[in-house]
Amino acid sequence: MTIARLALDVPLYRLFDYLVEDSPRLQVGLRVKAPFGNREKIGVIVELAKKSELPPEQLKTAALLDDDLPPLTPDFFRLCEFASQYYQAPLGEVILQALPPGLKKTHPAQRRARKPKAGKPVKTAAPLPELNAEQEAAVQAVKSRQDYAPFLLYGVTGSGKTEVYLRLIAATLAKGKQTLLLAPEINLTPQLETRLMARFPNAPIVMLHSDLGEAARERAWRAAFQGEARIVVGTRLSVFTPLPDLGLIIVDEEHDASYKQQDGMRYSARDLAVFRARLAKLPIVLGSATPSLESWAHAGHGRYTLLTLQERAVSGAKLPAIRILDTRRVKLSDGLSPQLIEALRLRLAAKEQSLVFLNRRGYAPVLACPACGWISRCPRCAANRVVHLADQRLRCHHCGLETPIPRACPTCGNQDILPFGRGTQRLESMLTGVFPTARILRVDRDSAKSRTQWEALLAKIQAGAADILVGTQMLAKGHDFPRLTLVGVVGADAALFAADWRAPERLFAQLMQVSGRAGRADLPGEVILQSEYPEHPLYRAITTHDYPGYAETLLNERRQAGFPPYAYQAILRAEAAHMETALAFLHQAANLPCVEDYPDITLYDPIPMRLFRLMNQERAQLLLESPSRPQLQDFLPVWRETLATLPRKNKLRWHIEVDPLEF
Ligand code: ADP
Ligand code: ZN
Ligand code: ZN
């Protein structure tokens, strides 16, 4: 018998020793079935040893799985170890969350191997567009590197970033290497898949995302790991996929917040991708029309090489003209200005498409009683329940709680309770009132719940079966609607004054993206943005498409305030039934003796989180900041270990998040 040190999916920062029977097959990286407590778990062998520190009678026996999967590789373990250290997550949890669910079953299903689908041979292969000079320079710059080389590809919407990716993938395929392409939400952008399949009819491609069924996901993952798949496209979790011949990593829309995992191990897939490229000594391309300020600052300091695409790629296609419409000077009807209504009317007459963008779904954000002041609060969260008129529900967007819309005020019985504010459903019904014969299509997470519904909606839009789209940011991401020439933006002001200091960065990116939908090819585009603050610097930068200028402004503000990327942050969050419990724990955490050994770390006062109650749990946070990332990284494990020894009252739960994006 040999001692195997196992990674197990348990919240403990250690490996577990088991006995395994000697066999020629026994190797680090294989999965085993191990008794744990009164059940069985799947573990991964991280080390083999002759001796254990445990007395022999305490060692239980684990059995190798009868499965043809080759052992997980050293580079996979190194990436997991890094993630575990950097994000303060137990190694076992990191390793097991990286595997598809089908490989974590103690009774695995027998799966028949199936070749990953290659692109379909196209009847008349479209000739490749000739690259413009900027695209050519970008492709050459990346192709010339075989070692670790991070690139930031900054290109306005429609500038041909995807075309650059396709050329780089082709070059990587030609070298016999695999490409890992990360995309924020693949299920939202089936066009990417279509384009890859059309371009690479003979290359096996797999898509890895959580919408796949368990069997499909396992098959895709195996094909990637065993090297059959040459192009691997995936969402954030796929950054961990072990790839034997990896030659290039691409992170599309690198600024997108969905690269950040918001529960369990809270990691940034973009940042891990960069680390992975360094580990594997590979080039990596981060692409965006509105790069994250972190990446932009890296490019400024020369840590990333900046590649720029300034113009739209299709000849004659221009960036849309963006007009900020001062709504203080006009009479709005149902929130719409006469100018926007007129512009919509013109598009209807010309049989072109329009999009009205409002990033708030539902009918109205709150239902209120003017007589007694009752509002539709969620009883479980520090948030209001949203009016959904389409299905007559009040729904909490945080915890999902829903009830029928009451006919009268629950407190005073008043029958005239009113929805306040505006969401996409209300906008849709207002537009129907103004344009009774127009075909109006609402696109948000309510109308596109499943991938099938979403694809059906996209097909309808592509086919020109809608005149006016009403949509949230779901519609803003990377779609190409050739007949869309007008974008109206309403309700954007709310984000200007949000308490979150990252809100302007996010709003800018969102507005650039949604504006980018207007006027893709032969038809020029127009954007009308309604605002009460037309002089705001953010809007001025939007009208001139000046991402670099605005990024500079924001970076200066961040530098002066000592915010990231000029400081490094982590957050300790605590949840409990009562706020006092959570705050008391955080105060205790802030005053531990070990804190004094790290003078370059600032601990702020514990405060309730903005969403201070979620699902009946009250939540508070403690922000840590340091000008030195190494010092923060040294401190966190010491602190975490001490925190784990503190007695916990009243089912208090806590976690640490490194590089938090939301507060
Ligand atoms: P992005 O990813 O930056 O939004 P795309 O790669 O999707 O841009 O390109 C936008 C459009 O321009 C696509 O229809 C694409 O086929 C086309 N295109 C890209 N590069 C060229 C080029 N060099 N010449 C002509 N058309 C191009
Ligand atoms: Zn009332
Ligand atoms: Zn709720």
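Start by selecting Tyr547 in this predicted model: with a relative accessible area of 4%, Tyr547 is buried. Keep Tyr547 on screen and add Trp296, which counts as buried at 11% relative accessibility.

Next, look at how these two rings meet. Their centres are 4.9 Å apart and their planes stand at 85 degrees, so Trp296 and Tyr547 make an edge-to-face pair. Colour helix α8 (residues 293-300), where Trp296 lies, and helix α14 (residues 547-561), home of Tyr547; the pair therefore ties together parts 251 residues apart in sequence. Now widen the selection to Tyr154, Phe508 and Tyr550, which join Trp296 and Tyr547 in one aromatic cluster.

Zoom out for a moment: the whole structure holds 17 aromatic pairs. Another of them is Phe82 with Tyr86, a stacked pair at 5.6 Å centre to centre with 15 degrees between the planes. Both residues sit in helix α1 (residues 74-86), four residues apart, or about one turn of the helix. Is Tyr86 buried or exposed? At 9% relative accessibility Tyr86 counts as buried, while Phe82, at 23%, counts as partly exposed.

For a ring with a charge instead, select Tyr13 and Arg640: the charged end of Arg640 sits over the Tyr13 ring, 3.5 Å from its centre.

Finish at strand β1 (residues 2-8), where seven of seven residues are buried. Thr2, Ala4, Leu6 and Leu8 point one way, and Ile3, Arg5 and Ala7 the other. Show strand β2 (residues 16-20), which pairs with β1 in the antiparallel sense over five bridges; Thr2 stands opposite Val20 there. Then show strand β4 (residues 39-49), paired with β1 in the antiparallel sense over six bridges, with Ala7 opposite Val44.

Technical notes: Residues numbered from 1 in each chain as written. Chains lettered and ligands numbered in written order. Predicted model: local features only at pLDDT ≥ 70, side-chain atom pairs only at ≥ 80, totals over all residues. Heavy atoms only, no water. Buried < 20%, exposed > 50% of the residue type's maximum accessible area, 1.4 Å probe, protein only. Helix = DSSP H or I, 4+ residues; strand = E, 2+ residues; numbered from the N terminus. Pairing = 2+ DSSP bridges. Phe/Tyr/Trp six-rings, centres within 6.5 Å; stacked < 30°, edge-to-face > 60°. Lys NZ or Arg CZ within 6 Å of the ring centre and 35° of its normal.
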